[in-house]
Amino acid sequence: MAPAASGEHRRGVLVLALALLASATVAGAQLSSEDYYDASCPAALLTIRSAVATAVLIDRRMGASLLRLHFHDCFGCDASVLLDDTASFTGEKGAGPNAGSLRGFDVIDNIKMLLELMCPQTVSCADILAVAARDSVAQLGGPSWTVPLGRRDATTASASLANSDLPGPTSNLNGLLNAFSNKGFTTTDMVALSGAHTVGRAQCRNCRARIYNDTDIDASFAASLRGSCPAQGGDGALEPLDESSPDDFDNTYFVNLVARRGLLHSDQALFSGGGGGATDGLVRAYASSADRWGSDFAAAMVKMASISPLTGTNGEIRVNCRRVN
């Protein structure tokens with residue numbers, strides 16, 4: 001397991017994130033600094049951090065779940081992923097990449113309830129998701145970064161967009177590169193963000209084809225998984241994305257890829273092992289340096305959290321994250 005990031009490294013990540021904010025794109029420039037709620041809801045960030053810490057203490061897996069909620073919202077970053085279905089739209093919770101697997105909604109609900117009691121209709125659900133993701137990573141031993149704030153919440157959601165925009169577990173390298181490039185990410189961003197799979201679990205249905213059909217997989221690793229993920233049935237059985245340390249935010253995910261022990265086809269797609277893969281070099285670099293990966297991950301998270309936010313008078317500040325006002 002990689003050692004926890006040093007205080008010096010954490011400070012370096014924060015400086016990098018701040019520098020990124022200063023040179024943000026047009027979308028990111030519409031957001032404000034992390035002191036956005038200092039006057040209107042001074043305890044907002046502390047409330048979110050305390051609630052996340054409690055949730056992760058009770059269930060360490062929740063850290064990965066909250067991070068994933070933000071990821072699946074942030075090919076938009078407008079809290080649309082939190083909306084329940086209505087008569088006028090089919091939400092994103094039942095979309096292919098999300099159905100039966102997203103969790104942590106109750107944690108977000110609890111945070112929102114506390115904030116509504118303290119500062120009614122002030123802190124957006126989208127900002128809660130962004131801050132909770134950062135705090136979850138920190139709770140699991142990963143880096144921290146400065147979260148730009150000031151997002152507003154969407155008033156609708158789209159299952160079809162979630163199905164088309166989010167890369168799936170069977171994606172190949174070109175599919176991953178295209179999906180991330182379409183949102184303005186570089187190859188480095190994509191590989192760094194993929195390292196979020198150093199925590200959490202995946203359902204058997206999403207890794208079955210890999211462990212029974214793929215050839216670029218360590219034989220003993222595949223055999224060990226077949227016992228709990230049968231060729232038929234057991235679709236919901238959970239397998240750790242990082243077998244070595246599934247609840248620690250470290251760089252062993254990349255070490256596993258070099259050893260051909262990536263759980264999902266889309267994970268192992270990042271490393272071919274033959275030396276000619278477009279992302280092989282980055283995977284090896286991150287496997288060798290937790291600090292380099294942590295820094296690149298933090299920078300990419302700042303970038304991701306600034307994708308097409310609703311600001312100003314666009315959208316709304318929801319009272320209940322599950323439904324529009």
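**Figure 1. Surroundings of Gln268 in the predicted model.** Gln268 has a relative accessibility of 1% and therefore counts as buried, the limit being under 20%. This residue belongs to helix H13, which covers residues 265–268. A polar atom of the Gln268 side chain lies 3.0 Å from the backbone nitrogen of Gly262. Gly262 is also listed among the contacts of Gln268, once neighbours within four places in sequence are left aside. The other residues in that list are Arg210, Asp216, Asn256, Leu257, Arg260 and Arg261.

**Figure 2. Helix H10 and the elements that cover its buried residues.** Helix H10 consists of residues 204–213. Its buried residues are Cys204, Cys207, Arg208, Arg210 and Ile211. Among the elements covering these residues are strand S1 (201–203) and strand S2 (238–240). Helix H11 (219–226) and H13 also take part in this cover. Arg210 of H10 is buried, and Arg210 is in contact with Gln268.

**Figure 3. The largest nonpolar core.** This core holds 70 residues. Those that touch the most other members are Leu69, Leu82, Ile108, Leu193, Leu270 and Phe297. Helix H6 (residues 125–139) contributes nine residues, the most given to this core. Because domain 1 (43–166) and domain 2 (185–303) both supply residues, the core lies between them. In soluble globular proteins, nonpolar side chains tend to be buried together. For Leu193, neighbours within four places in sequence being left aside, the contacts are Phe71, Phe180, Phe185, Phe297, Ala300, Met301 and Met304. A second core, separate from the one above, has 12 residues, including Ala202, Ile211, Leu225 and Cys229.

**Figure 4. Aromatic pairs and an aromatic cluster.** Nine aromatic pairs are present in the structure. In one of them, the ring centres of Tyr253 and Phe254 are 5.0 Å apart and the ring planes meet at 85°; the pair is therefore edge-to-face, a class that requires an angle over 60 degrees. Tyr253 is buried, at 1% relative accessibility, and Phe254 is buried with a relative accessible area of 0%. Trp293 and Phe297 form a tilted pair, with 5.6 Å from centre to centre and 55° between the planes. These two residues stand four places apart in helix H15 (residues 290–304), so about one helical turn separates them. Trp293 and Phe297 are both buried. Tyr253, Phe254, Trp293 and Phe297 belong to one aromatic cluster, which also includes Trp145, Phe249 and Tyr286.

**Figure 5. Ser194 in helix H9.** Helix H9 spans residues 187–194 and contains Ser194. The relative accessible area of Ser194 is 14%, under the 20% limit, so this residue is classed as buried. Its side chain reaches the backbone oxygen of Met190 at 2.8 Å. Residues up to four places away in sequence not being counted, Ser194 touches Tyr253 and Leu270. Tyr253 is part of the aromatic cluster, and Leu270 is a member of the largest nonpolar core.

**Figure 6. Two charged side chains placed over aromatic rings.** Lys93 lies over the face of Phe105, at 4.4 Å from the centre of the ring. The charged end of Arg226 is located over the ring of Tyr212, 5.3 Å from the ring centre. Tyr212 lies within the residue range of helix H10 (204–213), and Arg226 within that of helix H11 (219–226).

Note on methods
Residues numbered from 1 in each chain as written. Predicted model: local features only at pLDDT ≥ 70, side-chain atom pairs only at ≥ 80, totals over all residues. Heavy atoms only, no water. Phe/Tyr/Trp six-rings, centres within 6.5 Å; stacked < 30°, edge-to-face > 60°. Buried < 20%, exposed > 50% of the residue type's maximum accessible area, 1.4 Å probe, protein only. Lys NZ or Arg CZ within 6 Å of the ring centre and 35° of its normal. Polar contact = N/O pair within 3.5 Å; in protein donor to acceptor, adjacent residues only side chain to side chain. Contact = heavy atoms within 4.5 Å. Core = buried A, V, L, I, M, F, W, Y, C linked by side-chain atoms within 4.5 Å. Domains from an automatic or database assignment.
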